[in-house]
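I opened the model to look up two things. The sheet comes before the cavities.

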Amino acid sequence: MTVRTVLVCEAQVPFVHGGAEIHVRELLRELVARGYDAELVSVPFKWYPKDEILPHAAAWRLLDLSESNGQRVDLVIASKFPTYFVRHPRKVAWLIHQYRAAGTAYSDFGHNERDVALRDTLIRLDTQTLGECRHVFANAANTAGRVRKYNGIAAEALYHPPRLAKRLAPGPFGDYVLSVGRIESVKRVDLLVRAMAVVDKPIRLVVAGDGTQRANVERLAQDTGVADRVDFLGSVGDDRLLSLYGGALAVVYPPFDEDFGYVTLEAFLARKPVVTATDSGGPNEFVVDGVNGLVRPPEPRALADAVNGLAADRRRAASMGDAGYDRARTITWDGVIEKLVS
């Protein structure tokens, strides 16, 4: 069957524009650029209180997207929970993530009877609806591993370039390390702030991003005496971000159990080494310790030692950045689209 018409499904959280939102819009753009008649289908999603999760999933289950306005839809591409609940005879999932709060260290699910029953229901429904898919892809091996663990379904890791891929360029190795992304507990920017207490001067930390934990992390910088060496920029525009990548000594990115993380590939495309943690998940699918970055335990001293080592040997930092670039440039949208529509 030749695929011509494609619907890309998005669970939309109003006023949120993060990696998942970028992911589906980039996919839509790349499909259209290759001549497919593609549209985005968005349905609002609310995950709180927990009683809202299943009704919002049921809203997707009610949708039959096999045709629209008398036109047959050849393919539906689902993304994150609960878009893959949708009904279509030719459904493919490219998982950004399932409902992570039900099965991670940062879960708000308890061991009470109600939460256990809800978690079991979510796993059962995921297994059923993902099992309906012609193929299940994941945005990273870490995501695929969860599907295999909780649902017994094999998923293939399918990597894609970051949004800024074509614009990222190398620059001088400056006197700062860069943190990019939301300031949330799971991103562990606080680890970087604590590390700065033992990072050699004059190296600074530049934080590009905002989030619910920003005030707490700024307070931590004050309490640990490093506020004068940590710059909290908040959310920055693309041009500023490109400049920050280009001038960094390295990018430090130690989230907990990340699914994919655009930051790693963005750093590599700017020819910068990445310092990450042993339990960071997705970044470790790309970062090879001592080759294109450094992988350390999620401890302030260990991260600080990694930064100090790069600052002391900038030739080594540059060599790692080049190796990262060689890895990142092999990831293309052509390969992604071919897999999804074949």
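**Sheet.** I traced the strand order to begin with. This is a predicted model, and in it 6 strands form an open sheet with parallel pairing. I read the order as 2-1-5-6-7-8. Strand 2 (37-44) and strand 8 (156-157) each have a single partner strand, so one side of each is left without a neighbour in the sheet.

I then checked one pair inside that order. Strand 5 (residues 75-78) runs parallel to strand 6 (residues 91-95), and 3 bridges join them. I found Ala 78 opposite Ala 93 in strand 6.

**Cavities.** How many cavities of 30 Å³ or more does a search of the whole structure find? I got 2.

**Largest cavity.** I noted about 60 Å³ of space here. Its lining consists of Val 177, Leu 192, Ala 195, Met 196, Val 199, Leu 205, Val 252, Leu 303, Ala 304 and Val 307. I sorted these into 10 nonpolar, no polar and no charged residues. Helix 5 (189-195) and helix 9 (300-312) each supply at least two of the lining residues. Helix 9 gives the largest share, 3 residues.

**Second largest cavity.** I noted a volume of about 50 Å³. Ser 179, Val 180, Gly 181, Arg 182, Lys 187, Val 189, Leu 192, Val 252, Tyr 253 and Pro 254 line this cavity. Strand 9 (176-180) and helix 5 are the elements giving two or more residues to that lining. I counted 6 nonpolar, 2 polar and 2 charged residues in it.

**Cross-check.** I looked for Leu 192 and Val 252 in both lists. They line the largest cavity, and they also line the second largest.

Technical notes
Residues numbered from 1 in each chain as written. Predicted model: local features only at pLDDT ≥ 70, side-chain atom pairs only at ≥ 80, totals over all residues. Heavy atoms only, no water. Pairing = 2+ DSSP bridges. Helix = DSSP H or I, 4+ residues; strand = E, 2+ residues; numbered from the N terminus. 1 Å grid on protein atoms, 1.4 Å probe; cavity = no way out; pocket = protein on both sides within 12 Å on 5 of 7 lines; lining within 4 Å. Points joined across faces, edges and corners; volume = space filled by probe spheres on them. Nonpolar A, V, L, I, M, F, W, Y, C, P; charged D, E, K, R; others polar.
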